[in-house]
Amino acid sequence: MTPPAPCVASRSSCDAILPPAGGGGKHSADVAQYRKNPVFLERCLARRLAAPDLKPLDTLLSIQKNDSSHRAQSHAIPPVPSPYRTDELPDDLAGKVRPATRPPTALVIGAGVAGTSVAERLAARGWQITVIDEAPGPGHGASGNKAGVFRPLPSLDDNRLARITRAGFLYGLRHFEALAAAGHPVRWSQCGVLHLGRDARQEGKMRAVVDAHQPPEDYLRFVTKDEATTICGWPVETGGWWFPSGGWIQPPSLCAANLAAGGAAITTRFDTKLDRLERIGAEWVAFAPDDTEIARAAVAILANGVGIRALPLAAALPVRPARGQVSHLPATPGSAPKVVVCRLGYVSPEVDGMRCAGATFIADDDGTELRVEEHRENLAKLDFILPGYAAPYDPAHLEGRVGFRPASPDRLPMIGAVPAVAQTEKTTPLADIPRQPGLYAVSGFGARGLVWASLAGELLASQINGDPLPLESELVDAMDPARYLLKPPRPSAGSEE
Ligand SMILES: Cc1cc2nc3c(=O)[nH]c(=O)nc-3n(C[C@H](O)[C@H](O)[C@H](O)COP(=O)(O)OP(=O)(O)OC[C@H]3O[C@@H](n4cnc5c(N)ncnc54)[C@H](O)[C@@H]3O)c2cc1C
């Protein structure tokens, strides 16, 4: 094997090999991408191997290996090990034309809405993914409910939560359309979501938001109490926001559709618990509790909901479990309400002979049992939403489901590279916080995972693949898992609303 070239590469020597900036065409775009994210060099390499003006491969690879100083200074995304097995390249390859034959690989731990969304987005970019879940199929954890609410959450100051949620909602709508067009429809209904004010004061604030933002009417409009009563077919006490393009979604169907859309690029390993992840050479290796190897890949993505707390590698991520119980109420087809109605809690339209009402939100409670007192709480919320509606239901005889939201202290998700340190100077720029090579997380979805998951998958896949990001940097930074090292989280109880 030809010995690697000596460690002489620097940013300038790399620039000498890659075409000069401003040179026009695809190559100058490559350079710009590389300056933002060296992962992109993987793609450059693949293309250059087939290019007529190919430089010696050893030189290119040594630059890739030795450009860490540039990486550390110039971008927030950590270096990712080459998905191409350079140790297997034959001696005589230098200077010859050979297209890359191995697609880049990733492990995704968790087949909820977080894991399946990023798996589908990476598959669409040509990656080969292994999805590992201890459950027997997709959508068994927090993503296992029969119907959840899908709608944005505006604010007067259009804060970061509101902007991320709007982007997630709009991206999600397009994602569901794309899945359906590809033959993998998600089970959901764009029946509309009515979000009522808690009281006259909040109703006034909701009106002010609409007055200030003047949103398109098919996205959001303010409705009075009378109009709200007409929309939901039951007398209500306040007006509020009407989201005509929102609705309910069955999360396991989104998980299944994502996996189906990934096709042969996604391998699933269900009934398989991850015990630990270990970095061996340039790969992450997933081990089962009996110490057998499950799979290995260059990149690993922690999308295992509240299970992330058991992984020491992710100790810097302050994910908390928030138990939630939803009540299943027998319902006849066509009965009111035919839209989702929210007011502190939510109630769905009839789905398969029942409607979902919920949900409770109890932090740091690991109990998996259905509780009568939480059914009672859900019925009280239901009565607050639709006065008198809960009367026929006996909390002692209701079905339901318990799940555990992976909650974050600031109620924003955690999407990006996992920090490699437990502490840092509070003045450290986010981009300079060391990260674990090739290790990413998509977590902290709390009570909004259905609205965020599709966009989160696209964002993380873009980061990993070195593509332009789908959100502005302020929002990307706001979701960076390393943010808590700079500003320790304040405990937040959170809520379903
Ligand atoms: C009662 C309730 C109501 C909700 N209502 C709404 C709503 O109306 N609208 C909304 O937007 N959101 C709602 N949510 C929130 C939303 O469901 C969650 O934010 C979302 O499902 C989280 O998805 P996830 O993929 O991160 O986690 P999960 O769906 O929990 O997926 C994590 C997966 O990882 C697997 N796993 C964990 N550890 C391991 C391991 N060691 N090895 C292998 N596999 C592992 C688990 O089996 C699980 O399948 C609700 C949640 C609950 C509980």
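Here are two short exercises with worked solutions on this predicted model.

**Exercise 1: the surroundings of a strand**

Let's start with β17, residues 354–358. Work out which strands pair with β17, and in which sense.

*Solution*

Step 1. Look first at burial: 4 of the 5 residues of β17 are buried, leaving the strand mostly covered.

Step 2. Turn to β14, residues 320–330, which runs antiparallel to β17 and is joined to it by 4 bridges. Here you can find Leu329 opposite Arg355 of β17.

Step 3. Now take β16, residues 345–347, which pairs with β17 through 2 bridges, again in the antiparallel sense. In this pairing, Val347 stands opposite Ala357.

Step 4. Follow the chain from β16 to β17: the two strands form a hairpin, with 6 residues between them. Within that turn, Asp352 has a positive phi of about 55 degrees.

**Exercise 2: two helices that cross**

Next, describe how α6 (residues 113–123) and α12 (residues 449–465) are arranged.

*Solution*

Step 1. Two numbers are needed, since packed helices are described by the angle between their axes and the distance between the axes.

Step 2. The axes of α6 and α12 come within 8 Å and cross at roughly 40 degrees. That angle makes α6 oblique to α12.

Step 3. Add the hand: α6 and α12 cross in the right-handed sense.

Step 4. Which residues meet? From α6, they include Val113, Ser117 and Arg121, while those of α12 include Leu450, Ala453 and Ile464.

Step 5. Sort the contact of α6 with α12 by class, and you get 10 nonpolar, 4 polar and 3 charged residues.

Methods: Residues are numbered from 1 along each chain as its sequence is written. This is a predicted model: local features need pLDDT of at least 70, side-chain atom pairs count only at pLDDT 80 or more; totals for chains, interfaces and linings use all residues. A residue is buried if 20 or more other C-beta atoms lie within 10 Å of its own, exposed if 12 or fewer, and partly exposed in between; C-beta atoms are placed from the backbone. Two strands pair if DSSP finds at least two bridges between them. Axes are lines fitted to C-alpha atoms, for helices over the stretch in contact, and angles run from 0 to 180 degrees between N-to-C directions. Angles under 35 degrees count as roughly parallel, over 145 as roughly antiparallel, 65 to 115 as roughly perpendicular and the rest as oblique. A crossing is left-handed if the near helix is turned anticlockwise from the far one by less than a right angle, and right-handed if clockwise. Two residues are in contact if their C-beta atoms, placed from the backbone, lie within 7 Å. Ala, Val, Leu, Ile, Met, Phe, Trp, Tyr, Cys and Pro count as nonpolar, Asp, Glu, Lys and Arg as charged, and the others, Gly among them, as polar.
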